[in-house]
Structure formats: C-alpha cells, structure tokens
Amino acid sequence: MILEVRNLKKYFETRKGLLNQSSYTVKAVDGVNFEVRQGEALGIVGESGCGKTTAGRLILHLITPSSGDVLFKGRSIYAFSREELKEYRRNVQLIFQDSFASLDPRMRVGEIVGEALDVHRIAHTRNEREEIIVRIFSDVGLDREWIRRYPHEFSGGQRQRIGIARALCLKPALIVCDEPVSALDVSIQAQILNLMKEIQRKYQLSYVFISHDLKVVKHVCDRVAVMYLGMNVEMCGKESLFASPLHPYTKALISVIPNPNPRIKRKKITLGGEANLLAADQGGCRFADRCSEVKERCRQESPELVEVKKDHFVACHLAGIGG
Amino acid sequence: MSLTLDRNSRQDRSSNQGILLSIEHLAVRFSSRERTVHAVNGIDLSINDGEILGLVGESGSGKSVTALSIMGLIRWPGKITGGRILFKGEDLLGKSKREMRGIRGDRIAMIFQDPATSLNPVLTIGEQIAEILIYHKNLAKADALRKAEEMLDVVRIPNPERRLKEYPHQLSGGMKQRVMIAIALACHPELIIADEPTTALDVTIQSQILDLLKDLRNQYGASILVITHDIGIVAEMADRVAVMYCGKILGQGDTDSVLMNPAHPYISALINAIPKLDEERETLDAIPGTVPNLSKLPRGCSFSPRCKYAKEICFDKEPEARRIGKMIASCWLNG
C-alpha cells in the first residue's frame with residue numbers, strides 16, 4: 001500500500017453579505033477514503049465542484065486537511081518533519097493540466113527538468129545530470145537537441161511531455177496527474193495516454209489520475225473512485241464500474257458520455273438541475289435532489305461508503321438491494 | 001430526470017430540402033510581418049434547411065474561422081481572400097457592415113464556447129436578451145422583456161421572472177449557456193452557429209444542453225452548425241458531418257457514412273484515437289507527429305506526413321474533393 005486516504009475532510013470558510021457579515025462553510029472534501037497500491041493507477045472522477053482537485057492538493061501536501069489523514073507507506077504525511085516532507089515531495093510528484101502555465105517561460109526546458117534534480121541533489125556531477133536529463137527526454141519521446149529550447153517553442157503535447165519528464169526524473173513512487181490530457185487535441189491525447197501507460201510500466205509507478213473524462217480514466221486506470229460534491233460515492237475496479245455501476249450518479253455519468261458511433265442508441269439518464277453544494281448539504285444524501293430513485297430515507301440520512309460486493313464500494317441506501 | 005431515446009430520424013431529414021447556406025471556395029488568411037497563415041484554404045460546404053451540420057476539427061483546423069466568416073466577424077489581421085458565402089442565394093461577403101449587423105443576431109445567430117466571457121457582466125440577463133429584440137424587431141422595452149422571459153422558459157431556466165433581473169455572475173455555467181441560447185433564439189434565426197457549445201460544461205450538463213438544442217431545432221426548424229472537436233457530440237446530434245484539417249475539409253457526408261465508413265485516413269485515425277467505453281485496448285491508435293505549422297504547410301496533402309497510407313503522389317499533389325462511396329473526400333487512395 002503506497003497511499004492511504006482516511007476520512008479526509010477539507011472545509012473552506014467563506015463570507016457573503018454586504019459587509020461580509022454572514023459566513024458559510026464550503027465542504028469541498030467531506031470524508032473521502034481510498035487507497036492506492038504499489039504499481040496501480042487509481043482514477044478519481046467527477047464533475048466541477050466534486051472536490052477531486054482539492055483531494056489532489058491534500059495528497060500533495062499543498063494544503064492541509066480540516067480533519068482526516070493521508071498515509072504514505074503507513075506514515076501520516078501531516079506529521080512529517082521538514083526532511084521527511086522533502087523526501088515525500090520527491091516521492092510523490094505532480095503533472096498539471098496546463099502545461100504552458102506550469103513551465104517557467106524563461107528557463108530552457110532542460111533546465112526545468114534539471115532544477116528538480118538539483119533541489120533533491122540527485123546528480124553528483126554535471127555529466128551525470130546531463131545524462132539523466134537526456135535519458136528522461138528520450139523516455140518521454142523528446143529529442144535530445146531540444147534541451148536548450150524554451151517552452152513556448154513547443155506544442156501543447158510536447159510541453160506535456162516535458163512536464164512528465166520533470167516529474168519522472170526524481171524517480172517518484174507516485175504521480176498525481178490533474179487532468180493531464182484535457183487541454184490536448186484527441187490525436188495528441190492518445191499519444192500522451194500511451195506514453196503514461198508505458199512509463200508506468202517502465203518506472204513501476206503508481207498514479208492518482210484526476211479527470212472528468214471517464215473514457216480516459218478507463219484507458220489508464222485500474223480502479224476508479226467517483227466523487228460527487230465532496231463525497232466518494234462509488235469505488236471499484238474499472239471493469240466493475242463500467243459493467244455494473246451501482247450508484248445512480250455513476251450510472252447517469254456513464255450513460256451520457258457521447259459515443260462516436262452514431263448507430264449506438266443508448267438510453268441516456270439526463271440529470272435535471274445542477275450540482276449545488278450549498279443546496280445539497282441539507283443533511284441527507286447530497287445527490288438526493290437529482291436522483292431518480294430517491295426515497296424518503298435518502299433525504300434524512302447521508303449514506304456511508306460500504307463494501308457491497310468484493311472490492312466494490314458504494315455510498316447509497318439502495319445499492320446492494322437488488323442493485 | 002428523464003430518459004431520452006435517440007431515434008434514428010436522420011435519414012428523413014437529409015432528403016428534399018432547400019439549401020440554406022452555401023460556402024464556395026472560401027479562403028481566409030491571417031498575415032503578419034513574419035508569416036501568413038491560411039486559416040481556411042478553399043472550402044466548400046453547405047447547410048440544408050432544418051439540418052444539424054457538424055463541423056469537426058482539432059486545433060488550427062479552421063473551423064472557428066469558418067464560423068466567424070459566416071458571421072462577418074473577420075477583422076484585421078484576418079482577411080477573406082476568396083470565395084462566396086451564399087445565404088438563401090445572397091452572397092454575405094458582398095454585404096456592407098451595416099447590412100451584416102442587420103443579419104447577425106436576427107437571421108444568423110451564434111452561441112460561443114465560453115458563456116462567461118460572452119455575456120456582458122454589467123447588464124442583467126433580461127437586458128441582454130431584450131437588447132436583441134429592441135435592435136432587430138423594434139420592440140418597446142416592456143414587450144422585449146416580456147419576450148425575454150418567454151425565451152428563458154423556452155430554454156428551460158426555472159424561475160424566469162427572477163432570472164431576468166440577475167447578472168451573469170449569479171448563474172452557473174450551464175445556466176449561462178442556456179441564456180446564450182435564449183439570446184441566439186430570440187429573433188427566431190434561420191441559422192444558429194454553435195461554436196463548441198458544451199466544451200466548458202460538465203458532461204451531465206452537456207447532455208442537457210445538447211438535448212435542448214435538438215428539441216429547439218425540431219420546434220423552430222432552424223438549422224444548426226455545431227462546431228466541435230468531439231466526435232461523440234456530432235455522432236449524437238448531427239445529420240451531416242464535415243471534418244476539417246489545416247484549413248481544408250478532408251471529408252463530408254451524412255453522419256453515418258462519415259463515421260462508420262470514413263473514406264479519409266485522417267477521419268478513421270481520429271475516430272480510432274478516441275478511447276472507447278466498449279473496447280479494451282492496451283494502447284490507443286495515436287496519430288504520430290503533430291499538426292504542421294500553418295504558415296508552412298507541406299506540399300501535397302497536408303495530412304500526408306502523418307498518414308500511414310501515404311503514397312508518393314500524396315506528398316506531391318493536393319487531392320481534389322470527389323465522391324468516394326457515400327461521402328465526399330479529398331484523398332488519393334480509394335480510387
């Protein structure tokens with residue numbers, strides 16, 4: 001077990017009103033549980049406001065939780081000393097969605113990758129450093145001659161490869177990928193997804209793959225956690241998720257994915273309304289107001305995430321009763 | 001919640017229709033001191049009455065520039081250098097700016113990708129819809145606001161009377177997009193151009209918006225030009241599809257033919273590159289290489305450097321568009 005997330009919560013206090021008098025709490029992440037095993041890719045899927053990006057930031061220790069814990073190889077990351085935290089950052093890296101914004105425009109790309117090596121004192125000589133950079137570039141499909149170029153000289157897909165190279169050069173155990181291919185054209189997206197699978201095998205990495213795109217997650221990940229308004233509503237292996245989704249939200253999400261085959265006429269479950277955190281947080285299940293199968297109990301009691309089948313977790317009062 | 005079954009009524013629509021819009025040999029270039037980009041490089045495209053046409057392409061394909069050309073919104077450093085855009089027989093490119101202002105919003109309307117930046121932040125929702133009606137239909141403000149409320153209802157926004165007085169920032173992304181659609185529909189245009197209408201929206205909201213657009217087409221009989229990079233969306237919505245690459249249309253035809261039996265390697269490659277829910281594969285069929293520099297297009301077919309079927313002639317001469325099977329494609333293969 002590389003990473004364990006236990007009952008993680010992150011609440012943000014905000015103010016509203018003319019003179020900022022009234023405040024309310026945004027429960028961005030409200031009790032999330034999951035695990036990532038060595039060499040495994042866990043997908044975290046959800047739409048805007050579901051809390052997946054906040055969860056990613058908590059795992060990376062970019063923000064601290066309101067309560068709950070994240071364990072790396074059994075130890076709480078929020079209890080790390082400064083040295084241990086630095087070591088953690090080497091072990092848990094990040095790939096961003098916006099490759100342009102995440103690369104310093106005034107640094108040559110070889111230097112961007114080299115900076116990471118310097119901070120963690122990986123290479124002992126200049127030659128060794130250069131060797132590592134060249135090798136990583138080759139692993140991500142970039143020409144060694146491009147080491148001296150600047151980010152703006154590359155296309156979106158190439159910049160994403162540079163971002164991956166930077167994450168890889170520290171030989172991390174786990175990479176958190178936050179929508180790594182959402183900003184890319186379809187043809188380039190396919191290249192980058194293939195690359196990510198290849199390096200996962202080669203470097204024996206684990207991934208926490210955050211995305212709104214279920215098709216992409218299905219291709220890359222082994223297990224999937226579906227989030228809705230701060231809660232983990234379903235979690236299981238990817239085959240189970242797509243073959244027999246149990247949560248009404250998951251079913252709806254899968255049903256509305258457009259299929260490039262015009263002959264497939266599937267039944268879409270079109271959800272009415274929108275996901276509104278404040279409106280939904282009334283005590284019961286947060287999905288109650290949009291759920292077609294809602295019962296009285298759903299409005300009173302918030303369901304717990306429960307293992308209803310082997311390795312298939314669902315937070316729904318109705319799951320497990322004939323699905 | 002509603003269950004929607006997509007019915008296959010596409011075949012009925014494609015036959016026996018008038019041509020609403022016909023683009024002939026359109027060319028648009030963008031020039032700077034250093035280089036010239038041929039954003040649209042001689043395209044032929046038509047839209048029939050009451051039809052939904054999907055225009056698909058990746059970045060740099062020229063699809064948005066095509067939309068802006070129809071709307072008369074190309075400005076320096078862009079310039080339309082050739083072709084005609086016939087709207088019910090009249091060439092829009094020959095019209096004055098004033099005439100185009102009369103047509104935009106009234107007979108041809110556009111829905112943009114990012115509703116947050118397309119709505120005026122300092123006007124209320126009601127004012128923005130009413131604006132169109134006052135300008136084009138000469139309605140008095142009170143009548144325009146009444147009609148605006150009707151339009152909000154048409155686009156299925158709950159509590160329309162309250163929304164009229166709200167500002168864009170008070171609405172969610174999905175609501176803002178519905179307001180954009182309301183503005184576009186207000187004067188009952190004959191053609192609606194939707195440029196990536198759901199890209200900025202969550203997939204469950206996207207589903208609502210696409211259903212809405214289809215229902216509105218059925219109700220109002222307007223034609224819709226849907227511009228998108230998402231083939232899934234055109235598969236779901238469009239009667240006919242055209243695929244663009246580097247300023248050219250590589251293939252077009254009815255949706256079923258283009259997507260099930262593409263007569264152009266780029267189109268099949270694009271479809272194959274998409275991860276599918278109903279397929280399990282180790283690697284995706286990625287298209288190697290990248291889109292060429294638009295100011296330095298390769299000789300011959302622009303797709304040839306990335307095409308696994310390319311023959312010598314492909315690198316040498318640009319293929320012409322001709323009928324291959326049930327679609328029109330620009331490719332030297334497929335005799």
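Helix H5 of chain B, residues 125-137 of this predicted model, has 13 residues and reaches 18 Å from its first C-alpha to its last. That span is close to the 18 Å expected at 1.5 Å a residue. Strand E10 of chain B, at residues 240-245, has six of its six residues buried, so it is largely enclosed by the rest of the structure. Chain A and chain B are also in contact, with 36 residues taken from chain A and 42 residues from chain B.

**Helix H5 of chain B**

- The buried residues of H5(B) are B:Ile125, B:Gly126, B:Gln128, B:Ile129, B:Ala130, B:Ile132 and B:Leu133.
- These buried residues pack against three elements of chain B: helix H6 (141-154), helix H7 (160-164) and helix H8 (173-185).
- An α-helix has 3.6 residues a turn, so residues three or four places apart point the same way.
- Just after H5(B), a positive phi of about 55 degrees is found at B:Asn138.

**Strand E10 of chain B and its partners**

- In a regular strand the side chains alternate between the two faces of the sheet.
- From E10(B), B:Arg240, B:Ala242 and B:Met244 point one way, while B:Val241, B:Val243 and B:Tyr245 point the other way. Residues of both sets are buried.
- Strand E4 of chain B (residues 52-57) pairs with E10(B) in the parallel sense, over five bridges. Here B:Val56 stands opposite B:Val243 of E10(B).
- Strand E11 of chain B (residues 248-254) pairs with E10(B) in the antiparallel sense, over six bridges. B:Lys248 in E11(B) is the bridge partner of B:Tyr245.
- E10(B) and E11(B) form a hairpin with two residues between them. In the turn, B:Cys246 has a positive phi of about 50 degrees.

**Contact between chains A and B**

- The contact draws 36 residues from chain A and 42 residues from chain B. On the side of chain A that touches chain B, the elements giving two or more residues are helix H6 (186-203), helix H7 (214-220), helix H9 (248-255) and strand E11 (267-270) of chain A.
- H6(A) gives the most to this side of chain A, with six residues.
- The residues of the side of chain A that touches chain B divide into 14 nonpolar, 13 polar and nine charged.

**Confidence of the prediction**

- The model scores ipTM 0.84 and pTM 0.88.
- Chain B has a mean pLDDT of 90, and 95% of its residues reach 70 or more.
- Over residues 1-16 of chain B the pLDDT is below 50. Beyond near neighbours in sequence, this stretch has 25 contacts in the model.

Definitions and conventions:
Residues are numbered from 1 along each chain as its sequence is written. Chains are lettered from A and ligands numbered from 1 in the order in which they are written. This is a predicted model: local features need pLDDT of at least 70, side-chain atom pairs count only at pLDDT 80 or more; totals for chains, interfaces and linings use all residues. Helices (H or I, at least four residues) and strands (E, at least two) are DSSP runs, numbered from the N terminus. The expected span of a helix is 1.5 Å times one less than its number of residues. A residue is buried if 20 or more other C-beta atoms lie within 10 Å of its own, exposed if 12 or fewer, and partly exposed in between; C-beta atoms are placed from the backbone. Two residues are in contact if their C-beta atoms, placed from the backbone, lie within 7 Å. Ala, Val, Leu, Ile, Met, Phe, Trp, Tyr, Cys and Pro count as nonpolar, Asp, Glu, Lys and Arg as charged, and the others, Gly among them, as polar. pLDDT is the predictor's confidence in each residue, from 0 to 100. Two strands pair if DSSP finds at least two bridges between them.
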